[in-house]
Amino acid sequence: MRAMHRRGFVLGATAALVATPWQSCRAALDFAAIRVRARGSTVYFYAWGGSPEINRYIAWVGERVGELYGIRLVQVKLADTAEAVAILIAEKAAGRESGGSIDLLWINGENFAEARRRDLLFGPFAQDLPNFRLVDVAGKPSTVIDSTLPTEGYEAPWGMARFVFFWDSAAFPEPPLSFPALFERIRARPGRFTYPAPPDFVGSTFLEHLLYVTGIPAHRLQRAVDASSFETWTAPLFALLDDLHPHFWRRGRQFPLSQGQLHQLLADGELDFSMSFNPAEAANLVLAGWMPASVRTFVPAEGTIANSHYLAIPWNAANRDGALLVADFLLSPEAQAKKLDPAVWGDGTVLALDRLAPEERARFDSLPRHPSMLPPDVPARTLSEPHPSWKERLELGWKQRYGA
Amino acid sequence: MTASPESKAVSIAVLLLAIPALAGLVATLLPAFGVAPGFGAYGPDLAPWRRLLAEPGLPRALLSGTGAGLASTILAVLAAHFILAHLHLSGRLVRLAHGIAPLLALPHAVFAIGFAFLVQPSGLLLRLISPWATGFEQPPDWRFPGDPWTISLTLGLALRETPFLLLAGLAVLARMPTATYLAVARSLGHQWGRAWLAVVLPPLQRALRLPALAVLAYGCSAVDMALVLGPSTPPTLAVLVARLAVEPAPELRHAAAAGAVLQLLAILLAAAVFLFLERLLLRLVARRSRSSRRGKGEGRVWASGVAMTIVPGTGLLVLSQLLLWSLAGSWRFPALLPDALTFEHWRRASPQLVPAATTSLLLALPVAAVAVAAAVPLLRRRDATGHYGRLPAASALLWLPLVLPQLAFLPGFQFLALVCGIDGTLTAVALAHFVFVLPYVLLVAAGPFAAMPDRYGEVARLLGSRPIGAFLRAEAPLLLRPLAVAFAVGASVSMALYLPTLLLGGGRVATLSTETIAFTLSGDRRLAAATGLLFAVLPGLLFLVPFLFGAPGGKARRAAHRPRSL
């Protein structure tokens with residue numbers, strides 16, 4: 001029943017319908033009162049801290065919410081968002097129903113699914129954020145459907161991610177423009193390709209692309225998978241990896257631990273390729289002096305996975321008011337435009353630009369472009385994020401085969 | 001010794017100090033056997049063990065982690081002995097060693113990063129000989145560091161731990177009338193090297209046993225160094241267990257608790273092997289020093305020379321690479337030096353570095369001060385068997401945090417902090433740090449206290465001083481320097497603590513240690529280098545504190561020796 005319910009909501013057209021039921025059934029939050037209560041408070045924002053550029057953006061957000069609302073924002077940098085879910089589970093077990101350590105949480109995918117299953121989140125709240133009306137729910141259905149799960153207002157969309165590959169154009173001028181071409185390139189230049197070891201989310205997402213490439217129908221990927229059917233469906237995928245791994249960096253016997261380490265290997269000249277969930281990240285890294293300027297971004301013709309990432313508030317957040325205000329600011333045109341700047345972060349906006357006032361729209365239109373980021377005219381075929389159970393089993397299956 | 005009120009007070013103090021360690025341990029052990037009410041485990045049963053055994057690659061993880069710990073400890077002990085013997089040839093070099101050893105006592109994580117800068121395929125060592133000697137225009141595709149035989153991890157651990165053993169050894173030698181021993185042995189016709197083997201090495205190694213076991217326990221359970229230098233498919237047991245411990249699902253965390261117990265058993269086994277080998281070696285040494293056959297000892301001289309060069313050389317290269325990377329613009333293989341230098345990375349890092357350094361000091365200084373203050377009365381009441389007061393079991397508990405993997409305590413601490421409502425606070429982190437810092441302080445200060453002749457205090461007491469006055473007036477001045485060393489070690493241990501800070505701070509307490517690892521895992525080598533360098537310099541500065549209380553081999557040491565030669 002639940003699985004069917006989920007399947008019903010995967011199509012973009014139904015997304016707008018999801019937004020309505022939980023909008024009407026409860027009183028909206030009173031933001032005037034919230035602003036008064038939140039003044040002078042501290043918001044602990046638990047957010048993955050693996051990117052110095054993103055950390056700096058969050059520091060800028062801290063300055064702005066300080067000016068606007070008198071809120072002190074503290075980023076608690078996580079190596080893995082699962083750590084935050086672990087904290088919430090521990091607090092629930094210890095019976096801490098209020099005064100929790102996490103006020104605001106950057107989350108998506110299986111962590112959101114886990115947090116919802118254990119009832120660890122406050123909500124629904126997303127639709128009550130004043131800036132939520134600017135979100136492009138119809139055009140960007142993943143703003144309310146997180147890896148096939150309807151968010152039901154328990155997380156607010158923050159940014160749009162799209163999986164991309166980088167290559168060093170100094171090594172060869174043209175990238176492989178399809179997955180078979182990429183595999184051909186890997187065989188031709190052994191030792192120059194790898195991916196971060198799952199459960200790193202970039203590494204796991206790379207593997208999810210192979211689910212599509214090895215012929216599992218898209219609609220099957222939207223449904224939960226059990227152990228035995230997983231083995232059947234993924235036999236071609238693991239056969240492909242068995243075949244390719246000997247041509248990988250370190251012969252596929254060792255993998256970088258994070259996308260940052262993968263980038264560093266490209267920067268060091270040990271690899272020809274890297275990958276990211278951010279189409280502007282290569283530009284960002286070139287501008288930070290980390291990557292050679294010859295690095296370019298591409299997507300294979302089969303398309304790549306696009307998803308959203310979100311903000312959630314734990315059920316026991318000590319400063320719910322402050323968290324709501326920060327979440328709302330993060331959805332504002334000002335914060336979203338700043339985030340889209342490739343020199344800052346380059347993360348896609350969740351807003352519908354045609355709904356913005358002209359002067360706010362100008363913030364987006366005036367953003368600089370950079371030769372290292374994904375060109376805007378690239379055919380924008382996107383793949384949906386599979387049901388979280390696929391990623392879970394994929395990570396386990398990978399660990400059993402290659403992680404031991 | 002009669003049970004004076006003082007010794008009763010000490011017993012109570014020991015008990016109080018042992019409670020947190022014990023509580024943490026129990027709160028970890030129970031879930032390992034399926035007892036964690038409220039967390040979905042109402043055992044006792046073996047479900048956590050079954051889940052742990054189902055982890056892919058567990059046997060290899062166990063073998064590689066324990067093997068690297070044991071092999072690196074043996075290497076470090078041997079290197080320390082060679083260097084100590086070598087240095088002792090010239091008294092002036094001892095002073096030099098005191099200067100170098102703290103410089104080399106880099107935090108583990110920082111050392112691991114810097115060591116990787118040296119030995120990775122795009123690292124300094126290959127750049128030095130590329131492309132002219134190797135023909136490499138691109139870094140070779142070698143599986144190193146991170147090799148499955150844990151050679152890189154073993155070497156890294158051994159090189160990092162040798163300075164620690166050197167420091168401990170120098171402290172021991174400073175208290176040992178080596179010159180007298182050696183003079184007597186030489187007057188009996190032994191050549192210098194043989195005399196050293198016969199009269200200095202056995203007591204020196206006995207004094208180094210506990211530090212060596214601490215090194216062993218650390219080596220087997222290191223997470224920060226193994227993340228950087230260790231294998232990844234599978235990782236070492238410690239990394240595997242640490243990953244389970246941060247999983248959201250309770251059943252995985254219970255499996256982590258079981259893993260912590262397994263880790264403990266592995267360390268005990270490794271310790272048994274180490275002690276057996278130590279015994280074998282000492283017996284061999286005794287036989288050789290008794291035999292009249294005259295060896296030239298060239299092998300030893302050669303080995304000493306290598307150890308003398310490699311250990312400080314690596315430390316200096318590591319520091320130079322950290323400095324260069326923290327300032328480097330574009331720097332691709334095989335360029336020996338960066339194309340350009342820039343302060344940009346320091347500027348980028350400073351918003352995080354300054355608060356992290358402040359927090360590190362805010363934790364380390366009070367924790368180390370309290371630990372030293374707590375250690376003094378304990379050490380004064382230490383009897384010949386090494387126990388404090390009348391509760392040998394409780395004093396054994398004080399040592400547990402040194403010998404057991406940190407992870408054996410941490411899940412329990414986490415739970416207790418939650419129950420007390422102090423999780424995620426500086427207080428919770430400081431309390432956890434104290435548990436791990438105290439045994440190091442006791443360890444470092446124990447030698448000097450044991451070497452302190454009782455008669456000073458006795459004389460002072462006979463002259464009418466009360467016990468505290470006798471201590472302050474007669475003994476404390478002589479112990480100031482060792483206590484300052486203990487303080488510096490304690491503070492640097494606190495600064496280096498990674499998992500306790502991460503888990504009890506709930507991520508909220510950002511120290512140089514957590515920030516360095518975060519930058520390293522995020523792959524930004526330049527920010528990691530900048531953070532790591534600061535992280536290395538701060539504890540280094542702390543080691544200058546002992547010099548305020550006189551140079552080594554100076555007043556304190558001479559004073560300590562005088563009674564024996566009288």
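These are my notebook entries on two chains, A and B, of a predicted model.

**Chain A, overall**

I started with the general build of chain A. I counted 17 helices and 11 strands in its secondary structure. Then I looked up its size: the C-alpha trace spans about 65 × 50 × 40 Å along the principal axes. I also wanted to know how the radius of gyration compares with that of a compact globule. For 404 residues such a globule would come out near 22 Å, and chain A has 21 Å, so the two agree. Burial next: 55% of the 404 residues of chain A count as buried. As for contacts between residues at least 6 apart in sequence, 83% of them in chain A join residues at least 24 apart.

**Strand β6 of chain A**

I picked β6(A), residues 156-162, for a closer look. 7 of its 7 residues are buried, so the strand is largely enclosed by the rest of the structure. Which strand does β6(A) pair with, and in what sense? I found β10(A), residues 304-312, running antiparallel to β6(A), with 6 bridges between the two. For one pair by name, I noted that A:Ala161 has A:Asn307 of β10(A) as its bridge partner.

Just upstream I checked A:Glu152, which sits in the loop between β5 (149-150) and β6 of chain A. Its phi is positive, about 50 degrees, though the residue is not a glycine. I asked myself: is A:Glu152 buried or exposed? Neither in full: it has 19 C-beta neighbours inside 10 Å, and therefore counts as partly exposed. The cut-off for buried is 20 or more.

**Helices α5 and α9 of chain B**

Over to chain B. I checked the length of α5(B), residues 108-119, first. At 1.5 Å a residue its 12 residues should span 16 Å, and the end C-alpha atoms are 16 Å apart, so that agrees. 10 of the 12 residues are buried, so α5(B) is largely enclosed by the rest of the structure. Among the buried ones I jotted down B:His108, B:Phe111, B:Gly114, B:Phe115 and B:Phe117.

α9(B), residues 192-221, has a kink of about 45 degrees at B:Val200. The proline B:Pro202 follows shortly after that kink. This helix is mostly covered too, with 21 of its 30 residues buried.

**Backbone oddities in chain B**

A reminder to myself: most residues other than glycine have a negative phi, and most peptide bonds are trans. That made the next few worth writing down.

The bond from B:Ser130 to B:Pro131 is cis, with omega near -5 degrees. B:Pro131 belongs to the loop between α6 (124-128) and α7 (151-175) of chain B. I found B:Thr150 in the loop between α6 and α7 as well. Its phi is positive, near 55 degrees, in a residue other than glycine. B:Thr150 counts as buried because it has 26 C-beta neighbours inside 10 Å.

Another cis bond joins B:Phe333 and B:Pro334, with omega about 0 degrees. I placed B:Pro334 in the loop between α13 (298-327) and α14 of chain B.

**Where the chains meet**

Last entry: how many residues of each chain are in contact with the other? I got 42 from chain B and 49 from chain A. On the chain B side, the elements giving two or more residues are α14 (344-380), α16 (410-420), α21 (512-521) and α22 (525-542). Sorted by class, that side has 16 nonpolar, 15 polar and 11 charged residues.

Conventions. Residues are numbered from 1 along each chain as its sequence is written. Chains are lettered from A and ligands numbered from 1 in the order in which they are written. This is a predicted model: local features need pLDDT of at least 70, side-chain atom pairs count only at pLDDT 80 or more; totals for chains, interfaces and linings use all residues. The bend at a residue is the angle between axes fitted to the seven residues ending there and the seven starting there. Helices (H or I, at least four residues) and strands (E, at least two) are DSSP runs, numbered from the N terminus. Two strands pair if DSSP finds at least two bridges between them. Two residues are in contact if their C-beta atoms, placed from the backbone, lie within 7 Å. Ala, Val, Leu, Ile, Met, Phe, Trp, Tyr, Cys and Pro count as nonpolar, Asp, Glu, Lys and Arg as charged, and the others, Gly among them, as polar. The radius of gyration is taken over C-alpha atoms; the globule rule is 2.2 Å times the number of residues to the power 0.38. The expected span of a helix is 1.5 Å times one less than its number of residues.
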